[in-house]
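Please open the model in a viewer and keep the selection panel at hand. The tour below proceeds from one selection to the next and states what is found at each stop.

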Number of protein chains: 2
Amino acid sequence: MAYPEAIQQLIREFDKMPGIGARTAERLAFHVLRVAPEEALQLALAIRDVRKNVRACSQCCTVTAADPCAICADPGRDRSTVLVVEQPNDVEAFEAAGFRGLYHVLGGVVNPVEGIEPDDLTIDRLKKRIAAAKIAEVILGMDPDFEGEGTALVVAQQLKALPVRISRLARGIPAGSAIEYSNAAVLAEAVAGRRPVEGRA
Amino acid sequence: MAYPEAIQQLIREFDKMPGIGARTAERLAFHVLRVAPEEALQLALAIRDVRKNVRACSQCCTVTAADPCAICADPGRDRSTVLVVEQPNDVEAFEAAGFRGLYHVLGGVVNPVEGIEPDDLTIDRLKKRIAAAKIAEVILGMDPDFEGEGTALVVAQQLKALPVRISRLARGIPAGSAIEYSNAAVLAEAVAGRRPVEGRA
């Protein structure tokens, strides 16, 4: 005896999602079976609606209901500075941190193992934006990990010929952390990137 | 700036699922946004279909496309023995182990912390089955954990007045394990439940 085909199908669909293994997919499928009919329907509708109502901003490529997105449409932004990030969630994080320039969302990182090549990212769109608008500086804001660093390198190279300053985020000890528990790579970068103290250097 | 409402809605829906936290819900929502439109649609349809095409067997309460389920409808089964389990997945496990009687799926375990009372389980249906059919033995097949043991106790008590034998699964060292790495509770139960060796007791 096997599960009814509709359950197997739903397990297969959940199993395709990132970070969801076979056991979790099964658990989720039985959850959908157990909840009130309205709740299951809401999930199905939410999946449909997100595809119908959300698009990529034609300027910065973040997710948005209206095109251009609220940030690209905001006249109060510093339009000369573009912060390049991996994902829409990174935009949220920098917004919360008070950044007031524009963004460009790459849509991922270069990762040959998973088949993600530079052409799969929105680097071409970024080059066209720089050519078309008065952008003075591009800040590379990828994650400080292996894929993020590699992607930053690729983006920097592809922008080399364009008349724009390229910078990257500062590296060092994160605010609020304890030196005692910081790892060696973090401390080494903090020492290597040390800055003069005002009036004492 | 916040995510478009459709994304927030989908994140909330995923967040309701068991074992899915806020971060995972966000990751899943962006996955739905990123995949091909057909794949997102397939997931939405699979959720709808599972609710439309799967029901509880009117006899054993397992999940099934046809009612009664294939096991309850099978004339080759030993209809005098009913193995009571927590979930439909447990039926799969005992089928693979070669059990040839009938099942009864409780639909969960008693868990006051999560608000699951005995009345939320299919114990009443089990009592009616025993009263209506020639069932000689009920085997309690719940998980050997805190909730499972408690639920077995509740079921045994509710069946006390009925003319049926009640048994539980054997406890001891699991086949294929190593005594060296077995935990103390397992070994204590294996010693306490020791059985005579044929012809030597």
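Select α3(A) and α3(B) to begin: the two helices are roughly antiparallel to each other, because an angle over 145 degrees counts as such. Their axes come within 9 Å and cross at roughly 170 degrees. Here axes are lines fitted to C-alpha atoms, for helices over the stretch in contact, and angles run from 0 to 180 degrees between N-to-C directions. Helices are DSSP runs of H or I with at least four residues, strands are runs of E with at least two, and both are numbered from the N terminus.

This is a predicted model, in which local features need pLDDT of at least 70 and side-chain atom pairs count only at pLDDT 80 or more, while totals for chains, interfaces and linings use all residues. Residues are numbered from 1 along each chain as its sequence is written, and chains are lettered from A and ligands numbered from 1 in the order in which they are written.

**The helix pair**

Display the side chains of Pro37, Ala40, Leu43, Ala44, Ile47, Arg48 and Arg51 in both chains: those in α3(A) meet those in α3(B). Contact requires that the C-beta atoms of two residues, placed from the backbone, lie within 7 Å. By class, this helix contact has 10 nonpolar, no polar and 4 charged residues. Ala, Val, Leu, Ile, Met, Phe, Trp, Tyr, Cys and Pro count as nonpolar, Asp, Glu, Lys and Arg as charged, and the others, Gly among them, as polar.

**The whole interface**

Extend the selection to both sides of the interface, where 40 residues of chain A are in contact with 40 residues of chain B. On the chain A side, the elements that give two or more residues are α1 (5-15), α2 (22-34), α3 (37-53), β2 (63-64), α4 (70-73) and α5 (88-96). Of these, α3(A) gives the most, with 12 residues. The side of chain A that touches chain B has 24 nonpolar, 8 polar and 8 charged residues.

**The axis**

Next, superpose the chains. A turn of 180 degrees with a shift of 0.0 Å along the axis lays chain A on chain B with an RMSD of 0.1 Å, by least squares on the C-alpha atoms of residues with pLDDT of at least 70 in both copies. That is the relation of a two-fold axis. The same surface serves both copies, as 100% of the contact residues of chain A recur in chain B. Which residue of chain A comes closest to the rotation axis? Centre the view on Ala44(A), whose C-alpha lies at 2.2 Å from the axis.

**The sheet of chain A**

Now select the open sheet of 4 strands in chain A, which has the order β4-β3-β5-β6 with parallel pairing; strands pair if DSSP finds at least two bridges between them. The edge strands, β4 (102-105) and β6 (165-168), each pair on one side only. Neighbouring strands are turned by 25 degrees against each other on average, direction ignored. Between β3 (81-85) and β5 (137-140) of chain A there are 4 bridges; one bridge partner pair to display is Val82(A) with Val138(A) in β5(A). Add helix α7 (146-159) of chain A, which packs on the sheet and touches β3, β5 and β6. The direction of α7 makes about 165 degrees with that of β5(A).

**The domains**

Finally, colour chain A by domain: domain 1 (5-53), domain 2 (77-168) and domain 3 (173-201), with bounds from an automatic or database domain assignment. The centres of domain 2 and domain 3 of chain A, taken over C-alpha atoms, are separated by 25 Å.

Technical notes
Angles under 35 degrees count as roughly parallel, over 145 as roughly antiparallel, 65 to 115 as roughly perpendicular and the rest as oblique.
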